[in-house]
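Visitor: I should like a close look at a single part of this model, with its surroundings described in connected form. Please take me through one strand and what lies around it.

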Amino acid sequence: LFFRREAARKVPASMADAPATRRVAVVGAGVMGAGIAQAAAIAGMDVVVREVSDDALKAGMARIDELFS
């Protein structure tokens with residue numbers, strides 16, 4: 001079990017040349033989604049947030065703004 005867990009932590013050789021992630025899409029701006037969006041933005045990524053309605057999106061964006069203050 002230990003050796004399999006350690007092997008899973010390593011990047012496979014086939015992915016070593018993969019391009020860096022620059023854009024992230026977050027579905028849902030609830031507590032978890034807002035935190036993911038904030039972390040991605042802090043890491044310098046472009047972030048797109050999708051929500052089910054405009055009201056939910058406004059509430060989620062307010063939540064994300066609160067995390068930055």
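**Strand β1 and its surroundings**

Guide: In this predicted model, the side chains of strand β1, residues 23-27, alternate between two faces. Val24 and Val26 point to one face and are buried, whereas Arg23, Ala25 and Val27 point to the other and are not buried.

The partner of β1 is strand β2, which spans residues 46-50. The two strands run parallel and are joined by five bridges. Two facing positions give the register of this pairing: Arg23 stands opposite Asp46 in β2, and Val27 stands opposite Arg50 in β2. Between the two strands, the chain passes through helix α2, residues 31-42. The resulting β-α-β crossover from β1 to β2 is right-handed.

Two residues of the connecting helix deserve separate attention. Ile36 has its place in helix α2. Its relative accessibility is 42%, so Ile36 counts as partly exposed, since that value lies between the 20% limit for buried and the 50% limit for exposed. The C-alpha atoms of Ile36 and Val24 are 9.4 Å apart in space, and the two residues are twelve apart in sequence. Val24, as noted above, is one of the buried side chains of β1.

Gln38 is also found in helix α2. With a relative accessible area of 17%, Gln38 is buried, because that value is under the 20% cut-off. Its C-alpha atom lies 7.2 Å from that of Leu67, although Gln38 and Leu67 are 29 residues apart in sequence.

The packing of helices may be considered next. Helix α3 comprises residues 54-68, and its axis comes within 9 Å of the axis of α2. The two axes cross at roughly 50°, which makes α2 oblique to α3. The crossing of α2 and α3 is right-handed.

Finally, a charged contact elsewhere in the chain completes the account. Side chains of opposite charge can pair when their charged atoms come close. A search of the whole structure finds one salt bridge. In it, the side chains of Arg9 and Glu6 meet, with a distance of 3.2 Å from N to O. Both residues belong to helix α1, residues 2-9, and because they are three residues apart there, about one helical turn separates them. As for accessibility, Arg9 is exposed, with a relative accessible area of 62%, while Glu6 counts as partly exposed at 25% relative accessibility.

Key:
Residues are numbered from 1 along each chain as its sequence is written. This is a predicted model: local features need pLDDT of at least 70, side-chain atom pairs count only at pLDDT 80 or more; totals for chains, interfaces and linings use all residues. Side-chain values use heavy atoms; hydrogens and water are left out. Buried means under 20% relative accessible area, exposed over 50%, partly exposed in between (1.4 Å probe, protein chains only). Helices (H or I, at least four residues) and strands (E, at least two) are DSSP runs, numbered from the N terminus. Two strands pair if DSSP finds at least two bridges between them. A crossover is right-handed if, with the strands pointing away from the viewer, the path from the first strand over the helix to the second runs clockwise. A salt bridge is a side-chain nitrogen of Lys or Arg within 4 Å of a carboxyl oxygen of Asp or Glu. Axes are lines fitted to C-alpha atoms, for helices over the stretch in contact, and angles run from 0 to 180 degrees between N-to-C directions. Angles under 35 degrees count as roughly parallel, over 145 as roughly antiparallel, 65 to 115 as roughly perpendicular and the rest as oblique. A crossing is left-handed if the near helix is turned anticlockwise from the far one by less than a right angle, and right-handed if clockwise.
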